[in-house]
Amino acid sequence: MHPRTEAQQEPGETKRRRWAWLDPRYMLAENGEQRTRWFIAVILFVQRASYLIPASIAMASADLHRHSSPALNGALLGVAWVWQGYLGYYVRKHGWFTYRHVGVDIVLACALMTVVTSNVQAGFEFTTVNWAPKYALGTAALIGAVLPLRWAVALNAVPMAWYVLTLSAETQPGQPLLPAVVGHLNSCIFFGAILYFMTRYLTAQAQYLDEQTEARLRAETRQAAERARFETRTRHYRALHDNALATLTAISMGGLDHRSEEVRKRCGKDAEYVRRLIAADTTNSFTGLGDRLAEVVTDAEALDLRVRYIPDTVPGHLPHHVVEAVADACREALNNVAKHAGTDQAWVTVSWVEGTLSVRVVDRGRGFDPIRTPRGQGLTSSIGGRMREIGGSVQVDSMADSGTCVELVWSHSS
């Protein structure tokens, strides 16, 4: 299918694309590792929201008076929300967190634990009013999801140790510290470990499924190519029977005079056709594009143009609209040779190099000066337009009395 421009998209499609990482139908277009990252990112953001939303709601309740400076608490919550918004924007655009994001988040978590805990009134350090330690649990989960195991273990100890130091400095003498500290440290270890193993396990499973899917698609492509090759061979064998074999039979039975000019031309065309079949059988090109170009060359010979077709090994699963556009553009280029070149010979050469298709139509006719001679409708509209529609291009190289080369180029990444 042709890619649609934004103006051609259905109503609401642009909006759906913005939330593609939450839609399984769009996520299937990503590879397995990226789908895993989207899934883990959603979990991380939901976890953080579950800590920040209650703290934000508490700003309008009685808990507002349990902070020495409610304004400072609101400002700290604002900083935390802005940071989450930036992380969400970055992950939405680039697909995953960076190590730098983890480092900044660790520093922010430690700073929040220090300032928020010192801003909480005495006796409320271990309640939900002190929301900063909960935020640090999100930091532990981020560390486990992003960092390698050795770094995750080492850096997860930073917010844990900072929590112990902060609470030790802020709590009153005689206030029980051990149960709350043990529970918090246990949660940090738990969230870091579970996100680490979840990310690695799901990533490995996704990569394995991608490999299996790719292998199955390759097998199906080979089978489809073999079927197409068989059908094409059958069609060409019938054409041989109806053309070259019929000509030889008529000559052998005396029905045709092999010395006449008409019969000699007919034999020459049949010989070129046989050569194309041999070349196609060697390069496996008579699947998809190769088959269509062979038909184009055969049609061009009806214009009394002798065409030497030199195919290359071209994938048999090129998009249908690409095959049709390139074949039609090649047909028009050969028509231009027949009309304007002043020669009865042309060469069509196909190459496929690193995902880039190139089809060259070359003649040794009269040529033209590209600077002084304006390009006709065939080059600018018929040929150039078809190639532009599929994201390809046309390159024309010509010189007076030195022939013309029209090169059709299309890249697999177009």
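In what order do the five strands of the open sheet stand? The legends below take up that question first, then turn to the helices and two loops of this predicted model.

**View 1. An open sheet of five strands with mixed pairing.** The strands of this predicted model follow one another across the sheet in the order 1-2-3-5-4. Strand 1 (306-310) and strand 4 are the edges, and each has a single partner strand, so one side of each has no neighbour in the sheet. On average, neighbouring strands are turned by 15° against each other, with direction ignored.

**View 2. The antiparallel pair of strand 2 and strand 3.** Here you can follow seven bridges that join strand 2 to strand 3. For valine 353, the bridge partner in strand 3 is threonine 356. Helix 11 also comes into play, as it packs on the sheet and touches strand 1, strand 2 and strand 3. The direction of helix 11 makes about 165° with that of strand 1. Helix 12, for its part, lies across strand 1, strand 2, strand 3 and strand 5, and runs at about 15° to strand 3.

**View 3. Helix 11 beside helix 12.** The axes of helix 11 (residues 289-301) and helix 12 (residues 320-341) come within 9 Å and cross at roughly 20°. Angles under 35 degrees count as roughly parallel, and therefore helix 11 and helix 12 are described as roughly parallel to each other. The crossing of helix 11 past helix 12 is right-handed. On the helix 11 side, the contact is made by Leu289, Arg292, Leu293, Val296, Asp299 and Ala300. Helix 12 brings Val323, Glu324, Val326, Ala327, Asp328, Cys330, Arg331 and Leu334 to the contact. Sorted by kind, the residues of this contact are nine nonpolar and five charged, with no polar ones.

**View 4. Glutamate 354, a loop residue with positive phi.** Look for glutamate 354 in the loop that links strand 2 (345-353) and strand 3 (356-363). Its phi is near 50°, a positive value in a residue other than glycine. Is glutamate 354 buried or exposed? Glutamate 354 has 81% relative accessibility and so counts as exposed.

**View 5. Aspartate 401, in the loop between strand 4 and strand 5.** This loop lies between strand 4 (393-398) and strand 5 (404-411). Aspartate 401 is not a glycine, yet has a positive phi of about 65°. With a relative accessible area of 68%, aspartate 401 is exposed.

Notes
Residues are numbered from 1 along each chain as its sequence is written. This is a predicted model: local features need pLDDT of at least 70, side-chain atom pairs count only at pLDDT 80 or more; totals for chains, interfaces and linings use all residues. Side-chain values use heavy atoms; hydrogens and water are left out. Helices (H or I, at least four residues) and strands (E, at least two) are DSSP runs, numbered from the N terminus. Buried means under 20% relative accessible area, exposed over 50%, partly exposed in between (1.4 Å probe, protein chains only). Axes are lines fitted to C-alpha atoms, for helices over the stretch in contact, and angles run from 0 to 180 degrees between N-to-C directions. Angles under 35 degrees count as roughly parallel, over 145 as roughly antiparallel, 65 to 115 as roughly perpendicular and the rest as oblique. A crossing is left-handed if the near helix is turned anticlockwise from the far one by less than a right angle, and right-handed if clockwise. Contact means heavy atoms within 4.5 Å. Ala, Val, Leu, Ile, Met, Phe, Trp, Tyr, Cys and Pro count as nonpolar, Asp, Glu, Lys and Arg as charged, and the others, Gly among them, as polar. Two strands pair if DSSP finds at least two bridges between them.
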